[in-house]
Number of protein chains: 4
Amino acid sequence: MQARTFTGSGRRAQIVTAAIEVIAEVGYAKASFSRIAKHADLSSTGMISYHFAGKDDLLTACVAEIEQVTGAFMQPRIDAADGHVARLRAYVESNLALVGEHPAAVRALIDIVKNAASQSPAVNGRLAVFEEHFRSGQAAGVFRPFDVRTVTIALITGLDAVVVTAADTAPEPTELARLGRELADLYVRATALDPEGGSA
Amino acid sequence: MQARTFTGSGRRAQIVTAAIEVIAEVGYAKASFSRIAKHADLSSTGMISYHFAGKDDLLTACVAEIEQVTGAFMQPRIDAADGHVARLRAYVESNLALVGEHPAAVRALIDIVKNAASQSPAVNGRLAVFEEHFRSGQAAGVFRPFDVRTVTIALITGLDAVVVTAADTAPEPTELARLGRELADLYVRATALDPEGGSA
Amino acid sequence: MQARTFTGSGRRAQIVTAAIEVIAEVGYAKASFSRIAKHADLSSTGMISYHFAGKDDLLTACVAEIEQVTGAFMQPRIDAADGHVARLRAYVESNLALVGEHPAAVRALIDIVKNAASQSPAVNGRLAVFEEHFRSGQAAGVFRPFDVRTVTIALITGLDAVVVTAADTAPEPTELARLGRELADLYVRATALDPEGGSA
Amino acid sequence: MQARTFTGSGRRAQIVTAAIEVIAEVGYAKASFSRIAKHADLSSTGMISYHFAGKDDLLTACVAEIEQVTGAFMQPRIDAADGHVARLRAYVESNLALVGEHPAAVRALIDIVKNAASQSPAVNGRLAVFEEHFRSGQAAGVFRPFDVRTVTIALITGLDAVVVTAADTAPEPTELARLGRELADLYVRATALDPEGGSA
DNA sequence: CATGAATGAGAATTCATTCAT
DNA sequence: GATGAATGAATTCTCATTCAT
């Protein structure tokens, strides 16, 4: 059922893997074809241009690959959670746990997202999932009424920033878990219904 | 009395202004000396190198200039607020309001911060102010106990992202005010003490 | 069998040749990538950067190429000479004869040597060969005892200067031969044992 | 009688002094107006262009100044020597002794001479003095007959090279004296008449 | 399919010189 | 006289892309 987001030929996969590692190491801005080719033990950058239509194409492939990997890690944890609030918490916590498993992928993804035009599909995809979650949660009466788009932007980028910070310092799994709980607490409180007995 | 944080000679100021506008327009990554020189009606990029020791120096000057401008707008509004919570709200709301006044400055600053090394003074300065505010608020018993650093990172970057989004769409002042209130609500709730009567 | 000290691909060789000629013409200091590219009919300096890691790399390749050429000319003449003194003479004379055969190579090499840091391998290599020759000659009792290093420096640079001067005026082979004899005489006398019957 | 080789106004002298020090430090090639201005505590390079017609003019002034200084040191020592051979020896030895007194001046002069066009007056001046000395010595029958020009070039540049090497290592005065004697020995032997009893 | 050489635009920086004040 | 801002050409190097083999 799963559409093949996979990178096709061996060469493509090899290049994508190298690109992700390079982006994670030196950042999006400095991830030139040269550097990626060198990292992938390719003798020339022509190779990359041959397999990808351009830098955007390569980046898209990287994002797809990363989402494959991160999805495989996070999705089961999110699915195991019951209810909108628990799923929000599971998202945040599994995202931080992910840092311990695939630090390069995480760092690369966030760096790409940060630098990509905000209209890019990758960015919008992540936003859309969150927005939908909040909207249905509001409909179900478990999230307070707030401007879904604005809150989504704030929370996702905040989460990204914490994840990047964590990835930079490579902390212990227990510390990652703590950060996840901290942030999940923050987000749950931020979106929770007002206490019912409140006079306001 | 105020030491001149101002950009010194006329030319320097002109270049800084142009640089800010260019960064706001095309982004940090593409803000080359060429582009800035063209924007500032300078005949050569050598001009810029003459007035600034390098790209870092120019960027630092830009940040200083922007902080001058934004501080002048936001500080009085923050100072007018009473108490930690109100000040947090004032910060968020005046930051959004600022978008209507100085969209280029806002966009440029955030782009610089995003791309600068996280150790840069500009970044750390903003974080430090927030952290201190949260810490004293916790001591005063108006914020719940949370990991100040983690929460600060999440909230500041979230705010930045909303601000950038707002700057991109150039909404009416009333819409900006609404966004400010939305986000302030979010942050106030996220950091508020638990209701005292709570059974949990 | 001889490992290829040769310049590898055709382009590299072409660039090295052009570089040597340019250095010979305008001197080390003014031998920019631009000039070399123009001389080699390359459309851009990027070409050179593509084939060589930097200016040092190109220069090293030039030196290797020149030493290849000059060695092929001088070595047989030196080897044909018998004894330390005759070999010293053969070195000096064949070096001046070389000017008639490869004036550009000779001029370029000396210019590079002059401007390179004195620690560069090219410089040290030439010195080492001479020093070893003097030392073994002293041990064999055919050269008087002198400070080998100091004398070597003086004689090599003196030889270089005469060679360059000769290269500048492009004299007849017979004139080159005469200059060679003159200088060889000078050096042989300078290093010869004192006459045995000398009272001093 | 001595024409005023002195640098005229205070500013000129200041610039010349700085230029000499900069050339001695970083070499002729990297001795830009910027660097010299900085070294001289001038706020702009325009100052230099104002006082000197161009780089050549400044260099000429440097050479004149250096020759003033070195002449003041060497000339008395040379004049004190009796006879052509002794004067040759005195020249060489005092030149090496000079390294201990004015290392910057020595280094700068040689660097300028090395890089200047061989037709420059500075270069020719030094050669002419030597040539004249050798010629009159030959006429007086104290030097053997040799090609004066060729030998002069070889010996002067050899001397320069040893001097530079010495200047780089900044040895003790006694070591400088030893080097001077070594080289003087070399040159005296190289130019000496054949032993009279020789059958040739 | 794959390669690696070629391309040409663009990057930041340094340079000697000029010129209005 | 003196200044320092301005100039524009030149420097090495990197970039993404193209193309013939």
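Which side chain has an N or O atom 2.8 Å from a base oxygen of DNA strand E? In this predicted model, the residue is Thr45(D). That contact is a good place to begin a walk through the complex, starting with the two DNA strands and moving on to the protein interfaces.

Around DNA strand E there are 29 residues, and the nearest of them are Ser43(A), Met47(A), Arg11(C), Tyr50(C) and His51(C). Of the atoms of this strand that come within 4 Å of the protein, 62% belong to sugar and phosphate. Two lysines illustrate the backbone side of this contact. An N or O atom in the side chain of Lys55(D) is 2.7 Å from a phosphate oxygen of DNA strand E, and a polar side-chain atom of Lys55(B) lies 3.1 Å from a phosphate oxygen of the strand. Several helices contribute two or more residues each to the surface near DNA strand E: α3 of chain A, α2 (33-39) and α3 of chain B, α3 of chain C, and α2 (33-39) and α3 of chain D. Sorted by class, this surface has 18 polar, six nonpolar and five charged residues.

DNA strand F has 28 residues around it, with Lys55(A), Tyr50(B), His51(B), Ser43(D) and Met47(D) coming nearest. Here, sugar and phosphate make up 62% of the strand atoms that come within 4 Å of the protein. A base contact is found for this strand too: a polar side-chain atom of Thr45(C) lies 2.8 Å from a base nitrogen of DNA strand F. On the phosphate side, Arg11(D) places a polar side-chain atom 3.0 Å from a phosphate oxygen of DNA strand F, while Phe33(C) uses a backbone N or O atom, which lies 2.9 Å from a phosphate oxygen of the strand. At least two residues of the surface near DNA strand F come from each of the following: α2 (33-39) and α3 (46-51) of chain A, α3 (46-51) of chain B, α2 (33-39) and α3 (46-51) of chain C, and α3 (46-51) of chain D. The surface near DNA strand F consists of 18 polar, six nonpolar and four charged residues.

Attention now turns to how the protein chains meet. Chain B can be superposed on chain A with an RMSD of 0.2 Å, by a turn of 179 degrees and a shift of 0.0 Å along the axis. This is the relation of a two-fold axis. Of the interface residues of chain B, 96% are also interface residues in chain A, so the copies meet through the same surface. Each side of the picture can be counted: 27 residues of chain B are in contact with 27 residues of chain A. The two chains bury about 2,300 Å² between them, with carbon and sulfur atoms giving 60% of that area.

Charged and polar pairs also cross the interface of chain B and chain A. Four salt bridges are found there, including one in which the side chains of Arg178(B) and Asp147(A) meet at 2.9 Å, N to O. Seven residue pairs are in polar contact across this interface. On the side of chain B that touches chain A, α6 (103-115), α8 (148-169) and α9 (173-191) of chain B each supply at least two residues. The most come from α8(B), with 11 residues. By class, this side of chain B has 13 nonpolar, nine charged and five polar residues.

The contact of chain D and chain C takes 27 residues from each of the two chains. About 2,300 Å² is buried between chain D and chain C, 60% of it given by carbon and sulfur atoms. Four salt bridges are counted between these chains, one of which joins the side chains of Arg178(C) and Asp147(D) at 2.9 Å, N to O. Polar contact is found for seven residue pairs across the interface of chain D and chain C. For the side of chain D that touches chain C, α6 (103-115), α8 (148-169) and α9 (173-191) of chain D each provide at least two residues. Helix α8(D) gives the most, with 10 residues. This side of chain D divides into 13 nonpolar, eight charged and six polar residues.

Over all chains, the structure holds 40 salt bridges. One of them lies within chain B, where the side chains of Glu131(B) and Arg135(B) meet at 2.8 Å, N to O. Glu131(B) and Arg135(B) are separated by about one helical turn because they are four residues apart in helix α7 (residues 121-139) of chain B.

Technical notes. Residues are numbered from 1 along each chain as its sequence is written. Chains are lettered from A and ligands numbered from 1 in the order in which they are written. This is a predicted model: local features need pLDDT of at least 70, side-chain atom pairs count only at pLDDT 80 or more; totals for chains, interfaces and linings use all residues. Side-chain values use heavy atoms; hydrogens and water are left out. A residue is near a molecule or strand if one of its heavy atoms lies within 4 Å of it. A polar contact is a pair of N or O atoms within 3.5 Å; within protein, one must be able to donate a hydrogen and the other to accept it, and residues adjacent in sequence count only if both atoms are side-chain atoms. Ala, Val, Leu, Ile, Met, Phe, Trp, Tyr, Cys and Pro count as nonpolar, Asp, Glu, Lys and Arg as charged, and the others, Gly among them, as polar. Contact means heavy atoms within 4.5 Å. Buried area is the accessible area (1.4 Å probe) that two parts lose on being put together, summed over both. Copies are superposed by least squares on the C-alpha atoms of residues with pLDDT of at least 70 in both.
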